[in-house]
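User: I would like to learn how to read a fold from its coordinates, one feature at a time. Could you take me through an example?

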Amino acid sequence: MGVLDGKVAIVTGAGRGIGKATAKVYAREGAKVVVASRTPANVQKVVDEITAEGFIAIGVPTDVGKKDEMFNMVAKTVEAFGTVDILVNNAQGFGTEENPRASTIPTPLEDTDDAEWDYTFRTGASATLWGMQAVFPHMKVNGGRIINFSSGSGIEGFPGNTCYNATKEAIRALTRTAAREWGKYGISVNTVNPSLKTDAWDNWMANNTDFVEGLKDKMPLGFLGDAEEHGGPWMVWLASKGGEYVTGMTFFLNGGRYMN
Ligand SMILES: NC(=O)c1ccc[n+]([C@@H]2O[C@H](COP(=O)([O-])OP(=O)(O)OC[C@H]3O[C@@H](n4cnc5c(N)ncnc54)[C@H](OP(=O)(O)O)[C@@H]3O)[C@@H](O)[C@H]2O)c1
């Protein structure tokens, strides 16, 4: 018996990092998981890992920056499992459509590139909105949980991260708006703001070593958390019984680096 038994969960960006960790812990808690991410080979690998453990998952390769693919992802989920109970809008693109990057490269605000602004927004705030719109008809009937992803970089305004900061704060605004509009349907909508060791973190650190090392030094708990070990239980709690009375909030999974 798992705490998500029978639930249907979509996790975007589940090919690596926090999304992959979330897909795996949800499946172990009994959810039927849709692994939705950009690179088909990564999607298949995660599906194989979950099914090898004896749990249920299907893969739907999805570029979250394309509205039709987001709606198709939800349609495929409903076709396979009948509904959707949990949506984790975790994916976030960096760089541009032509030149996607693994993380941000520090750029002064005055030099912000239009193509990067557009792509960061399309794969961030727009993708989050499209995902929420696509699941709404299903969650309106049975209630549901939506978990979106923001960043301390947006909240604190880390220098050099203009596009990323702006889209991540737009996601928090979308979260609060949906939480207020959809509470009457039993849909809770929250944002997670992580500091967890992933490829994106490592790539960001490679381009901002002193700054990022400095952030780690400000963590009172003294270590950078692991996506599955430290992020997983929190993601499960938000999606399970007990999380239903919490909505519109931002949760910080950051070793105490930022406190509110
Ligand atoms: N790690 C942290 O400490 C941290 C801090 C603040 C915020 N966040 C946020 O947390 C979320 C997860 O971050 P992470 O560190 O786990 O990232 P990650 O390790 O870079 O993994 C990102 C995943 O998203 C997928 N992805 C990227 N662009 C996509 C697109 N256009 N369509 C579909 N999938 C796409 C990638 O797919 P591929 O396999 O194809 O590359 C990959 O599987 C993001 O929203 C990020 O902004 C993370």
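The dialogue below goes through the sheet, its strands, the helices across it, the core, some single residues and the ligand shell.

Analyst: Before we begin, please keep in mind that this is a predicted model.

User: Let us start with the sheet. What is the order of the strands in the open sheet, and which strands stand at the edges?

Analyst: The general idea is to write down the strands in spatial order and then to look at how each one pairs. Here the open sheet has seven strands in the order β3-β2-β1-β4-β7-β8-β11, and the pairing is parallel. The edges are taken by β3 (57-59) and β11 (250-253), each of which has a single partner strand, so one side of each is left without a neighbour in the sheet. On average, and ignoring direction, neighbouring strands of this sheet are turned by 20° against each other.

User: How many bridges join the strands, and which residues are bridge partners?

Analyst: One goes from pair to pair and takes a residue couple as a landmark for each. β1 and β2 pair in the parallel sense over five bridges, and Val-11 has Val-35 as its bridge partner in β2. Strand β1 (residues 8-12) is also joined to β4, to which it runs parallel, by three bridges, and Ala-9 stands opposite Ile-86 of β4. Further along, strand β4 (residues 86-89) pairs with β7 in the parallel sense over four bridges, where Asn-89 finds its bridge partner in Asn-148 of β7. Between β7 and strand β8 (residues 187-194) there are six bridges, again in the parallel sense, and the bridge partner of Arg-145 in β8 is Ser-188.

User: Which residues of β7 lie on one side and which on the other, and are they buried or exposed?

Analyst: The approach is to sort the residues of a strand by side and then ask about burial on each. In strand β7 (residues 144-149), six of six residues are buried: Gly-144, Ile-146 and Asn-148 lie on one side, while Arg-145, Ile-147 and Phe-149 lie on the other, and both faces are covered. Strand β2 (residues 32-36) can be read in the same manner, with five of its five residues buried; Lys-32, Val-34 and Ala-36 point one way, and Val-33 and Val-35 point the other way.

User: Which strands does helix α6 lie across, and which does helix α9 lie across?

Analyst: For a helix against a sheet, one lists the strands in contact and then gives an angle to one of them. Helix α6 (residues 162-182) lies across β7, β8 and β11, running at about 160° to β8. Helix α9 (residues 227-239) lies across β1, β4, β7, β8 and β11, and runs at about 145° to β7.

User: Let us compare two residues of β7. What do Ile-146 and Ile-147 touch?

Analyst: Here one asks about burial, then contacts, leaving aside neighbours within four places in sequence. Ile-146 is counted as buried because 29 other C-beta atoms lie within 10 Å, the threshold being 20 or more. Ile-146 is in contact with Leu-87, Met-132, Ala-178, Ile-187 and Val-189, and its C-alpha atom is 9.7 Å from that of Ala-9, although the two are 137 residues apart in sequence. Ile-147 is buried too, with 24 other C-beta atoms within 10 Å, and touches Val-88, Asn-190, Val-192, Met-235, Leu-238 and Ala-239.

User: How many residues does the largest nonpolar core have, and which helix gives the most to it?

Analyst: One looks for the extent of the core, then for the residues with the most contacts inside it. The largest nonpolar core has 57 residues, and those with the most contacts are Ala-9, Ile-10, Val-11, Ala-23, Tyr-26, Val-33 and Val-35. Helix α4 (residues 114-142) gives the most to this core, with eight residues. Beyond four places in sequence, Ile-10 touches Val-34, Ala-36, Met-73, Val-74, Thr-77, Val-84, Leu-87 and Val-88.

User: Finally, which residues come nearest to the ligand, and how does the shell divide by residue type?

Analyst: One starts from the nearest residues and then considers the make-up of the whole shell. Of the 29 residues around the ligand, Gly-13, Gly-15, Gly-17, Thr-198 and Ala-200 come nearest. The shell divides into eight nonpolar, 17 polar and four charged residues, and α1 (17-28) and α7 (199-207) each supply at least two of its residues.

Note on methods:
Residues are numbered from 1 along each chain as its sequence is written. This is a predicted model: local features need pLDDT of at least 70, side-chain atom pairs count only at pLDDT 80 or more; totals for chains, interfaces and linings use all residues. A residue is near a molecule or strand if its C-beta atom, placed from the backbone, lies within 6 Å of it. Ala, Val, Leu, Ile, Met, Phe, Trp, Tyr, Cys and Pro count as nonpolar, Asp, Glu, Lys and Arg as charged, and the others, Gly among them, as polar. A residue is buried if 20 or more other C-beta atoms lie within 10 Å of its own, exposed if 12 or fewer, and partly exposed in between; C-beta atoms are placed from the backbone. Two strands pair if DSSP finds at least two bridges between them. A nonpolar core is a set of buried Ala, Val, Leu, Ile, Met, Phe, Trp, Tyr and Cys residues joined through C-beta atoms within 7 Å. Two residues are in contact if their C-beta atoms, placed from the backbone, lie within 7 Å. Axes are lines fitted to C-alpha atoms, for helices over the stretch in contact, and angles run from 0 to 180 degrees between N-to-C directions.
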